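Good morning, and thank you for making time for this presentation. I would ask you to keep the structure in view while I speak.

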Amino acid sequence: MFITYVMLLGLPFLISCSVLPRKFSENDLLKYRDRVSSMFYHSYNAYWEHAYPYDELRPLTCDGQDTWGSYSLTLIDALDTLVVLGNYSEFRRVAKIILKTVDFDQDINVSVFETNIRIVGGLLSAHLFSKKAALEIEEGWPCSGPLLRLAENVARRLLPAFQTASGMPYGTVNLRYGVPSGETSITCTAGVGTYIVEFGTLSKLTGDPAFETAALKALYALYECRSEIGLVGNHIDVQTRKWTALDSGIGAGVDSFFEYLVKGAVLFDKPQLMEMFHQLEGSIEKFLKQDDWYFWVNMKKGQVSLPIFQSLEAFWPGLLALTGDTEKALKSLHNYMQVWNQYGSTPEFYNVPKSTAQSSREGYPLRPELIESIMYVYRSTKDPLLMEMGVSILTAIESIAKTPCGYASVKNVENHLLDNRMESFFLAETTKYLYLLFSPDHWIHGSDGVLVKSTAGECILDTGGYIFNTEAHPIDAAAVYCCSSQKQTSDEIVQKFRNKLDITAILGFADQDYDLLQPLDEIISVAFNNTWDVNLWHLPDYLSEFYKRSPKDHIDKIQLEVLRTFAEAKDESYKGVCDAAEVHLFNYYKAKTIKLKSSTSLSCPSPSFLEMLSVGGESFEINLLID
């Protein structure tokens, strides 16, 4: 057997002419997880020993410094990573310390953007992880709790920044006094459009719509400022809505605006946000894309202004994977890994035509974006080459950045000179995404869930529907829904449904036979509590288990009664459900060709059935007959 040296997706491999990319055994994955865990704790313990209570660790001088605020930033940012790594006891210890010692009532100016993604996001995620980590929780959890109140406390101190003519926020706020006097009204695009995940979650959990309203107003205002060719710039005046930096790209100053359109759409069931993303994506593909790189262009003319790849842009393949476009994602990952393999890291700016790091921007501050995308694309494709990429990144960071007191940013990727800083996102994001890449069966990717009883009613949480904010803080979509007004409306509909539906009468069961029907009650609850919109189209699927236990000659009657119950409801809260019920009833009668005695017309509060019905291109006129 002869050996050939090749480059696959930018990575060097020694392979035989017939050997496929190697498979990773569970022992392999365990070994890599252990290495990531060691990386995390080497830095985490060094922070405790040398830097706490400062914001960040300085790994070369083994001390600490305040950077984005003065509130033990690294501790809050790393808190949920402890849960991901399974260290619940340390999570409980640190959560209690944070609740006891951190005070945001300070006369300090902070970045609205950074405080939101790192502090508010970190506290929200920690709050939602509290039950899993066995931290003592309140009766109303997940809709109440001390970590949630702390997150709300911080977010309220950020809200004054949104009091502008456009609704787009200032970039800086004083935690005690609001927007500083003389503060510039120019904010970067990401600093305007990166709030809906955290602020929307706060509104759903607390019941206060102010946060979500502010975030959406800013997001929509920014979107409306795009150019005639559909692009956004880098900086905008939030008072006048005039762009002050016309370079359009997907990297620094812009990136998470696109990310939050997608994640906001998924987390809060807002398809209009996804449509906004796809509109912007179309212009990005048309004007920015050059051979699977995305360059910077003039937002008005579309002409290339900077043929640069920025390390922050490496999030883009992961975002494409979330929207289902894995082919484009893989092609861009190929380019980005070529840069990584060239230096053992990705410089902040890389000049693509010259194939070299940009002068004065040749650092690598242990950013997570590349490994983030690798994890997302691996979840979509299960391609083992992506695991190889992860191993390459893990090995390089271990070799280049490790110091006796943690891991240090790389000041220059050309000579691997280190910088005396370890940003909090190294523990919040980089190590977390690496660990999750090598943990394909981790509960955060999907689990059976747990039934929780709270003041909001019964909810099924922790099923794997986590949305990561741009600082890699996971938000459980089921918990967000659990506390929302949407759930309350759905619960009311379910209760009306139960009150109206008398299956015992249909089947002729006596009272003592009700135990046989109990599973139906449970299945209906699951059907409605786990869908964002009450969707009758899926109701037969949810009832299928009950059908299996029912006499065959009763199934049609059950189906008919379920549909009729919805269709006959005139309450406005049944809007949409009623229409779906009519379609099902029509199909039911059409399939069964039942001969019925009397006639009645069903009426829905939304557009009429005749206007909406089209089956296989054929329109039908219907006068339902019900016996």
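I shall take the core, two individual residues, one sheet and the salt bridges in turn.

Please bear in mind throughout that this is a predicted model.

Let me begin with the interior. The largest nonpolar core contains 167 residues. The members that touch the most other members are Phe104, Leu123, Phe258, Trp316, Ile374, Ile397 and Phe438. As a general remark, nonpolar side chains in soluble globular proteins tend to be buried together.

Which residues does Ile397 contact, once its neighbours within four places in sequence are set aside? They are Met39, Trp340, Tyr364, Leu366, Lys402, Tyr407, Phe426 and Thr430.

I turn now to two individual residues, Lys432 and Tyr52. Lys432 belongs to helix α15, which spans residues 425-437. Is Lys432 buried or exposed? Its relative accessible area is 0%, and under 20% counts as buried, so Lys432 is buried. The side chain of Lys432 makes a polar contact with the side chain of Thr81, at 3.5 Å. Beyond its neighbours within four places in sequence, Lys432 is in contact with Asp80, Thr81, Val84, Phe468, Ala472, His473 and Pro474.

Tyr52 sits in the loop that runs between α1 (26-51) and β3 (56-58). With a relative accessible area of 26%, Tyr52 falls between the 20% and 50% limits and is therefore partly exposed. Its contacts, again without neighbours within four places in sequence, are Tyr47, Ser72, Leu75, Ile97 and Thr101. Of these, Leu75 lies 23 residues from Tyr52 in sequence, and the two C-alpha atoms are 8.2 Å apart.

Next, a sheet. Three strands form an open sheet in the order β7-β8-β9, and their pairing is antiparallel. The edge strands, each pairing on one side only, are β7 (186-188) and β9 (243-245). From one strand to the next, the twist averages 35°. Between β7 and β8 (residues 235-237) the antiparallel pairing extends over three bridges. Within this sheet, Cys188 stands opposite His235 in β8.

Finally, the charged pairs. Side chains of opposite charge can pair when their charged atoms come close. How many salt bridges does the model contain? The count comes to 26, and I shall describe three of them.

In the first example, the side chains of Glu90 and Arg93 meet at 2.8 Å, N to O. These residues are three apart in helix α3 (residues 88-101), which means that about one helical turn separates them. Glu90 is buried at 14% relative accessibility, whereas Arg93 is partly exposed at 37%.

In the second example, Lys263 and Glu259 form a salt bridge at 2.7 Å, N to O. Both lie in helix α9 (residues 255-268), four residues apart, about one turn of the helix. Lys263 is buried at 3% relative accessibility, and Glu259 is buried at 4%.

In the third example, Glu212 and Lys204 are joined through their side chains at 3.6 Å, N to O. Glu212 is buried, with a relative accessible area of 11%, and Lys204 is likewise buried, at 14%.

There is also a network of salt bridges, which links Glu56, Glu114, Arg118, Arg421, Glu423 and Glu471.

That concludes the presentation, and I welcome your questions.

Definitions and conventions
Residues numbered from 1 in each chain as written. Predicted model: local features only at pLDDT ≥ 70, side-chain atom pairs only at ≥ 80, totals over all residues. Heavy atoms only, no water. Core = buried A, V, L, I, M, F, W, Y, C linked by side-chain atoms within 4.5 Å. Buried < 20%, exposed > 50% of the residue type's maximum accessible area, 1.4 Å probe, protein only. Contact = heavy atoms within 4.5 Å. Polar contact = N/O pair within 3.5 Å; in protein donor to acceptor, adjacent residues only side chain to side chain. Pairing = 2+ DSSP bridges. Axes fitted to C-alpha atoms, helices over the stretch in contact; angles between N-to-C directions. Salt bridge = Lys/Arg side-chain N within 4 Å of Asp/Glu carboxyl O.
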